[in-house]
Amino acid sequence: MNVSSAPDPMLPEPLRITRAKREMHGVFTFELDVSARGGFPFLPGQFNMLYPFGAGESAISISGDPHQPDRLEHTIRAVGAVTRALERLGRGDVVGVRGPFGSAWPIREAEGSDLVVIAGGIGLAPLRPVVYHALRRREAFGKVALLYGTRTPDDILYRKEIERWRGRLDVEVEVTVDTAGSDWRGNTGVVTKLISRAAFDPGRAFAMICGPEIMMRFCARELERLGVSLDRIWITMERNMRCGIGLCGHCQFGPSFVCKDGPVYRYDRVQDLLLVREV
Amino acid sequence: MPVVLAAADLDALVQALAGRGYRVLGPVARDGAIVIDDVRRAADLPIGLEDVQGPGRYRLERREHGAFFAFTVGPHSWKQTFHVPVERLFQIRRHKEGFSVIPDEAPRQRIALLGARACEIHAIAIQDRILIHGEHPDPRYAARRSDVFVVAVNCMRAGGTCFCASMGTGPRAERGFDLALTELVEPGDHRFLVEIGSDDGAAVAAELPVRPANPEEIGAAASVSERTAAAMGRRLDTSGLKERLQKNLEHPRWDDVATRCLACGNCTMVCPTCFCTEFEDTTDLAGETAERTKRWESCFTLGFSHVHGGSVRSSIKARYRQWLTHKLAGWHDQFGTSGCVGCGRCITWCPVGIDITEEAAAVGLPEKDG
């Protein structure tokens with residue numbers, strides 16, 4: 001039997017942090033040096049396994065610009081032992097990286113259509129590569145809308161960039177927060193409420209959604225009500241991804257492996273499973 | 001053409017394999033069970049022992065027939081030989097410039113399996129499909145599988161929890177072996193019919209004191225397998241099973257089995273196809289060297305489905321449902337085969353005797369009254 005000579009996808013590659021940026025409380029972005037390996041090509045929606053020395057691994061989506069493969073970026077929220085160990089690292093430190101793994105947002109398929117990007121909280125990170133791509137290839141799309149919901153005005157991820165995008169005349173950007181003080185002049189309420197107000201043609205739109213499962217379900221329902229076909233709605237799933245290559249079994253979601261068949265799924269293929277508890 | 005080996009000459013087979021540099025692994029009796037270990041001579045085999053198996057029950061009993069292979073499958077499977085329970089993947093050394101990864105070498109070994117049953121040969125083929133023929137082959141598993149000689153044994157008895165006939169995986173080994181033995185035990189005449197499945201098998205057979213089989217012996221061996229199949233007390237109706245399970249994720253039977261299941265994970269450990277693993281990262285006390293170890297993991301643990309904020313499958317109902325639907329349904333989507341070979345281990349070694357064939361048959365059926 002042939003033993004494959006391909007590089008072992010289970011071995012982490014040490015990469016140095018060239019930039020560490022605090023985004024908001026408990027959320028930070030690393031830029032990793034990939035110059036020695038000739039860049040790090042990836043597809044929007046894919047993720048890497050990040051390894052702080054000795055602490056374990058965590059699956060983190062790639063949040064940078066797919067057209068700039070010389071810059072590898074991850075935005076991370078410190079919520080567990082591994083991500084908290086990552087938080088303690090800074091510029092000059094080294095992290096182990098395996099990837100890129102997983103499925104991608106259908107950015108090519110969506111060309112020629114209106115594009116509605118809907119994100120909740122840190123769910124903007126896996127969608128930022130889509131926004132970068134759409135803005136670089138703006139002429140390839142019809143209307144482009146970014147609808148973003150987060151908890152409070154202090155929890156707006158990539159705030160400066162969102163403000164810059166909002167200043168463009170060829171993109172619609174709407175932000176809403178769950179709760180805010182009296183100094184907030186923007187929208188409040190769930191992100192679902194922004195959908196019907198956004199300017200896009202439901203008959204020719206692609207929607208890409210990332211956020212909590214319940215938020216994605218309600219967004220899909222609202223999009224469907226407006227006439228968006230379910231096979232043009234895409235979401236991303238979160239499960240316990242450990243190996244990234246469909247061999248360890250932890251991330252199973254119905255008949256699929258989220259690390260391999262996902263994390264990006266076409267909505268009509270998973271909508272029934274989303275209604276079953278604890279799948 | 002099949003040949004015949006006298007039972008008294010079985011040791012010649014063990015020695016022929018050892019002489020070719022194979023580490024010979026096979027069944028031995030230990031601690032009241034038949035397990036897999038090194039076999040140095042034919043006398044190491046569990047001669048005259050039969051296993052009495054039922055849901056949550058396993059006993060060895062001695063018989064007077066003196067057969068070498070009158071038992072069926074025990075708590076061990078060949079999974080532990082190739083998809084090993086624990087292995088280190090790499091070490092990492094920290095230094096001034098960061099750290100370096102030192103991968104552990106893939107092991108090199110010649111292994112002969114003595115007494116692999118038809119269901120187990122199917123189980124190995126299923127694990128090969130996942131761990132060698134998928135998109136990302138596991139280099140260590142592939143190395144362990146690269147030089148293996150298989151001596152199959154056709155079961156002369158159906159175990160108390162066997163249902164291989166339903167799964168199309170036995171009791172007769174049709175392929176995937178170098179040599180296949182059928183033990184013929186008659187008063188005063190104890191011998192093996194030996195079928196040759198490969199060139200390697202033919203070369204080994206040529207070193208043994210064998211003679212060509214006569215038609216009566218070939219017929220006797222065939223009827224051994226027929227009798228075993230006919231004696232199988234359990235069955236699983238697989239027609240439409242995948243769809244029935246996947247359409248009934250909210251069926252009340254899942255609540256019912258959850259009241260009995262202890263979520264101990266025994267079924268996944270003894271299953272010859274369950275392949276899930278966990279990774280453990282550790283460091284030495286000085287924090288200079290780290291390593292990653294892979295070990296078997298069970299979908300019955302709470303940690304298995306952990307994401308930040310808790311486990312996706314916190315109820316036992318959800319974990320049992322995951323195991324059973326994966327084994328009998330999702331496996332078809334993922335790997336084009338059932339994950340079950342009907343060996344019955346999960347039934348025997350379940351401490352409360354949950355029977356996969358009963359549970360699978362009940363899901364999707366109308367609820368019973370009372």
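A good place to start is A:P52, which sits in the loop that links β3 (47-51) and β4 (58-61) of chain A. Everything here comes from a predicted model. From that proline we move out to chain A as a whole, then to its contact with chain B, the shared nonpolar core and the two domains of chain B.

**Two loop residues in chain A**

- A:P52 counts as buried because it has 22 C-beta neighbours inside 10 Å, and the cut-off for buried is 20 or more.
- Setting aside neighbours within four places in sequence, A:P52 is in contact with A:V82, A:A85, A:L86, A:L89 and A:V95.
- A:P52 also comes within 9.2 Å of A:V97, C-alpha to C-alpha, although their positions lie 45 residues apart in sequence.
- Your second loop residue is A:G80, found between β5 (71-77) and α1 (81-87) of chain A.
- A:G80 has 16 C-beta neighbours inside 10 Å, so this glycine counts as partly exposed.
- Between A:G80 and A:S58 the C-alpha distance is 9.1 Å, and the two are 22 residues apart in sequence.

**Chain A as a whole**

- Chain A is built from six helices and 15 strands.
- Its radius of gyration is 19 Å, which agrees with the value near 19 Å for a compact globule of 279 residues.
- Along the principal axes, the C-alpha atoms of chain A fill a box of roughly 55 × 45 × 40 Å.
- Of the 279 residues in chain A, 49% count as buried.
- Taking contacts in chain A between residues at least 6 apart in sequence, 70% join residues at least 24 apart.

**Where chain B meets chain A**

- The contact between the chains brings together 48 residues of chain B and 33 residues of chain A.
- On the chain B side, two or more residues come from each of β6 (86-95), β7 (98-103), α4 (139-145), β13 (277-283), β15 (306-307) and α11 (316-335).
- Helix α11(B) provides the largest share of that side, with seven residues.
- By residue class, the chain B side has 24 nonpolar, 17 polar and seven charged residues.

**A look at helix α11(B)**

- Helix α11(B) bends by about 55° at B:H326.
- This helix is mostly covered, with 16 of its 20 residues buried.
- Just after α11(B) comes B:G336, which has a positive phi near 70°.

**The largest nonpolar core**

- This core holds 182 residues, and those with the most contacts inside it are A:V117, A:A207, A:I209, A:W234, B:V151 and B:A152.
- Helix α3 (residues 118-131) of chain B gives the most to the core, with eight residues.
- Beyond neighbours within four places in sequence, the contacts of B:V151 include B:A112, B:L113, B:L114, B:F177 and B:L179.

**The two domains of chain B**

- Chain B is assigned domain 1 (3-230) and domain 2 (241-277 + 297-362).
- Taken over C-alpha atoms, the centres of these domains are 26 Å apart.
- Their contact takes 28 residues from domain 1 of chain B and 23 residues from domain 2 of chain B.
- On the domain 1 side, β5 (57-62), α3 and α5 (164-167) of chain B each supply at least two residues.
- Helix α3(B) gives the most to that side, with nine residues.
- The domain 1 side divides into 14 nonpolar, 10 polar and four charged residues.

How values were computed:
Residues numbered from 1 in each chain as written. Chains lettered and ligands numbered in written order. Predicted model: local features only at pLDDT ≥ 70, side-chain atom pairs only at ≥ 80, totals over all residues. Helix = DSSP H or I, 4+ residues; strand = E, 2+ residues; numbered from the N terminus. Buried ≥ 20, exposed ≤ 12 C-beta atoms within 10 Å, placed from the backbone. Contact = placed C-beta atoms within 7 Å. Nonpolar A, V, L, I, M, F, W, Y, C, P; charged D, E, K, R; others polar. Bend = angle between axes of the 7 residues up to and from the residue. Core = buried A, V, L, I, M, F, W, Y, C linked by C-beta atoms within 7 Å. Domains from an automatic or database assignment. Rg over C-alpha atoms; globule rule 2.2 N^0.38 Å.
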